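Grab a pencil and open the viewer. Here are a few short exercises to work through, each with a solution underneath.

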Amino acid sequence: MIDAEKILPPTQAREKIAVAAGAALLVAGLVLVVAILPAEYGVDPLGTGAKLGLTALSEAEQKAAALTGGSTVSAATVVAAQDGLFKQETVEFKVGPREWMEYKYRLDKGEALLYSWKTTGQVNFEFHGEPDGAPSGYAETYEMKQAATQASGTFTAPFPGIHGWYWENRENREMTITLTTAGYYNLSHEFRDGEAPKNKMFK
Amino acid sequence: MRYVRSKVKSQRANPVRWLFIGVTTVVLFAVVLLKDASAHGVTGTDALFLRFIQGVAVGPFMYLGAKHMVTGYDHLAFLVGVIFFLYRLKDVLLYVSLFTIGHSLTLLVGVLGGIQANPYIIDAIIGFSVVYKAFDNMDGFKRFFGFQPETRLAVLIFGLFHGFGLATKLQEFALSENGLAANIVSFNVGVEIGQFLALTGILIALTYWRTRPGFMRHAFATNAVLMGIGFLLVGYQLSGYFILGS
């Protein structure tokens, strides 16, 4: 019987501790360079990340960042001349209780849109854009709010894609969303649950 | 309190043991990587929630605090190192309380006081805390430096850094001033709840393991693995600092 409150393993020799610490450092360094750096940061000094297919992980993140294009509007786009016709529309959407819908415009990078919408009841909404070339469903969120009834503003697309709103009816009765926009768009899409998308061409 | 070195001579180092160390480290971190890569940040829908929350939200912040601690591998690794050789519940509670005081202080002061620190550097220090504790468990300080640093003080001080790590994660979000104090306190309470849950699991596993003869034989190697994990954390965070900046 050992009469003690604390039992510890025998203390090892200095050399043994040093070797263990060195081995730990070595293994950690190896794992970092072989797998973690390529996967997380795209840094692949030994080329192992490419062989293991890990660089694809960091590339996906870089691609997503590239698609959304750093979002700084340079001085050159203070004026963005447009060849197309000036378009305006006011549309009304009826949304059933607890249902959702989406309405978005196809816009190029730097293309501007003026918008103003209001609803007859409370909505949750998300103003977002899906970049061209991104995986399906991927979107950049511009604005997201719960329990809103209106929003107005101007928008400049940071990347080419479809940009617009997701609205969700929070209430138990049907509501109407009225959206007024002005811009140089040529195409809009309307998405509703369980329905085929409705596309609208503007001439 | 009497400390008794076990009379069992440990086995001589052999290649199999180093292989075991290496493979375990790799497997453990493969598991970590397979999770959401920034499991130590706040991500996804939680991030969205934090961005838009207005006012007091005790429940959600408490939950986020608990979730953050339970998935915070660096915090848990340090705790494992701390309680590795603590056999009495009294000691476990003492050391964990010191850790808690440390991280609560800096979490609250950090977020409410707006103290900015580079998250990569802080997380690297947290990784170093794991290395430190593992080295301590291997009796490295006595062997190499001839003295044992005050363990309780070390846990308290490293706790301060762990708290900064928690704070920097939250500071990445421009949290609304509205209700911030109540929300951060709720988050802190959640962290303690998460810590309690995680510790219970760890203690159960450790207590069982301590009943096996293998515990004494493998304690040294296990702490070497823990040190490897600490080095991995340090390397990962420092790489982030140099590659991505602040």
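**Exercise 1: a strand and its neighbours**

Keep in mind that you're looking at a predicted model. In chain A, strand E4 (residues 112–131) and E6(A) are joined by 9 bridges and run antiparallel. Your task: find the residue of E6(A) that is the bridge partner of A:His128, then find how many bridges join strand E3 (residues 100–107) to E6(A).

*Solution.*
- Step 1: go to A:His128 and look across to E6(A), where its bridge partner is A:Gly164.
- Step 2: now turn to E3 of chain A, which has 8 bridges to E6(A), again in an antiparallel arrangement. One pair to spot here is A:Glu102, standing opposite A:Tyr166 of E6(A).

**Exercise 2: inside or outside?**

Work out why strand E6 (residues 161–169) of chain A counts as largely enclosed.

*Solution.*
- Step 1: a residue is buried if 20 or more other C-beta atoms lie within 10 Å of its own.
- Step 2: 7 of the 9 residues of E6 in chain A are buried, so the rest of the structure largely encloses this strand.

**Exercise 3: over to chain B**

Describe the make-up of chain B, then check how enclosed its helix H4 (residues 73–83) is.

*Solution.*
- Step 1: chain B has 10 helices and 1 strand, and the strand comes at the start, in the order β-α-α-α-α-α-α-α-α-α-α from the N terminus.
- Step 2: of the 246 residues in chain B, 39% are buried.
- Step 3: in H4 of chain B, 8 of the 11 residues are buried, so this helix is largely enclosed by the rest of the structure. Among them are B:Phe78 and B:Leu79.
- Step 4: the buried residues of H4(B) pack against several helices of chain B, including H3 (58–70) and H10 (214–244).

Note on methods. Residues numbered from 1 in each chain as written. Chains lettered and ligands numbered in written order. Predicted model: local features only at pLDDT ≥ 70, side-chain atom pairs only at ≥ 80, totals over all residues. Buried ≥ 20, exposed ≤ 12 C-beta atoms within 10 Å, placed from the backbone. Helix = DSSP H or I, 4+ residues; strand = E, 2+ residues; numbered from the N terminus. Pairing = 2+ DSSP bridges. Contact = placed C-beta atoms within 7 Å.
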